[in-house]
Amino acid sequence: MINVNLKIFAVASLLITSLACSQKTENVKVKEVASDKTLLIESDSTAIVEARKKAAAEEKAKLPKPYNDKENAEAKIAELVKQAQAENKNIILQAGGNWCIWCLRFNQFVQTTPELKNIVDENYLYYHLNYSPENKNEKVFAKYDNPGAKFGYPVFIVLDKNGKMIHTQDSSILEEGKGYSLEKVKAFFTEWAPKS
């Protein structure tokens with residue numbers, strides 16, 4: 001009887017041990033699969049980020065570069081004020097740099113959208129105020145309360161014909177998708193045009 005009980009106990013122990021081992025193996029496999037999925041997700045997101053960077057670099061390379069880091073912005077703005085007085089126009093300073101894809105996109109959007117280009121040409125003198133590591137134009141930006149530090153780039157500074165700052169515009173409000181909203185940009189340009 002003891003032999004039979006011992007045999008039953010041995011078989012039961014073997015079954016329990018093998019069951020426990022098979023569960024551990026399954027847990028390990030689940031963990032391995034989960035880990036593999038995590039690695040796949042991480043590598044997929046890294047690949048997506050790299051693809052986006054590459055696409056942005058290609059887009060940036062194709063867009064016109066309107067900012068001049070060598071120009072004396074203070075002197076240029078003084079010239080624009082004289083011209084604005086003579087032509088009864090306001091001045092828009094589009095602050096940013098050729099490093100900034102959103103700055104380049106905005107410039108391209110305005111230049112290639114006849115409706116916007118007409119509003120700008122009729123009402124404003126337009127200047128691309130450079131901000132870059134090569135030339136931060138700190139003195140000029142300080143004069144206008146450093147709006148880039150608050151809003152990022154591009155940021156728009158609207159001056160009246162006498163050079164007085166009358167508005168600062170956060171560009172993120174004008175965005176739509178990966179570009180800008182025609183209605184919002186048109187409303188911005190129309191609102192700050194000189195009053196007749």
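Helices here are DSSP runs of H or I that span at least four residues, numbered from the N terminus. With that in hand, welcome to a short tour of this structure, which is a predicted model. One helix to look for is α2, covering residues 73–87, where K76 and E79 both sit. The tour visits some of the 8 salt bridges in the structure, then turns to a pair of antiparallel strands, β3 and β4.

**A salt bridge in helix α2**

- K76 and E79 are 3 residues apart in α2, which is about one turn of the helix.
- These two residues form a salt bridge, with 4.0 Å between their closest N and O atoms.
- K76 has a relative accessibility of 26%, so it counts as partly exposed.
- E79 is partly exposed too, and its relative accessible area is 48%.

**A salt bridge in helix α1**

- Helix α1 runs over residues 2–62 and holds both K53 and E50.
- Once again the spacing is 3 residues, or about one turn of the helix.
- The side chains of K53 and E50 meet in a salt bridge, at 3.9 Å from N to O.
- Is K53 buried or exposed? K53 counts as exposed because its relative accessibility is 52%, and the cut-off for exposed is over 50%.
- E50, at a relative accessible area of 44%, is partly exposed.

**A salt bridge in helix α4**

- What separates D121 from K117 in helix α4? The two residues are 4 positions apart in this helix (residues 114–123), so about one helical turn lies between them.
- Their side chains meet in a salt bridge, with an N to O distance of 3.1 Å.
- D121 is partly exposed, at 39% relative accessibility.
- K117 also falls in the partly exposed class, with a relative accessible area of 27%.

**The hairpin of β3 and β4**

- Strand β3 covers residues 155–159, and strand β4 covers residues 165–170.
- How many bridges join these two strands? There are 5 bridges between them, and the strands run antiparallel.
- If you would like one pairing to find in the structure, start at I157, whose bridge partner in β4 is T168.
- Together β3 and β4 form a hairpin, with 5 residues between the strands.
- In the turn of this hairpin you will find G163, which has a positive phi of about 90°.
- As a general point for reading strands, side chains in a regular strand alternate between the two faces of the sheet.

Terms used:
Residues numbered from 1 in each chain as written. Predicted model: local features only at pLDDT ≥ 70, side-chain atom pairs only at ≥ 80, totals over all residues. Heavy atoms only, no water. Buried < 20%, exposed > 50% of the residue type's maximum accessible area, 1.4 Å probe, protein only. Pairing = 2+ DSSP bridges.
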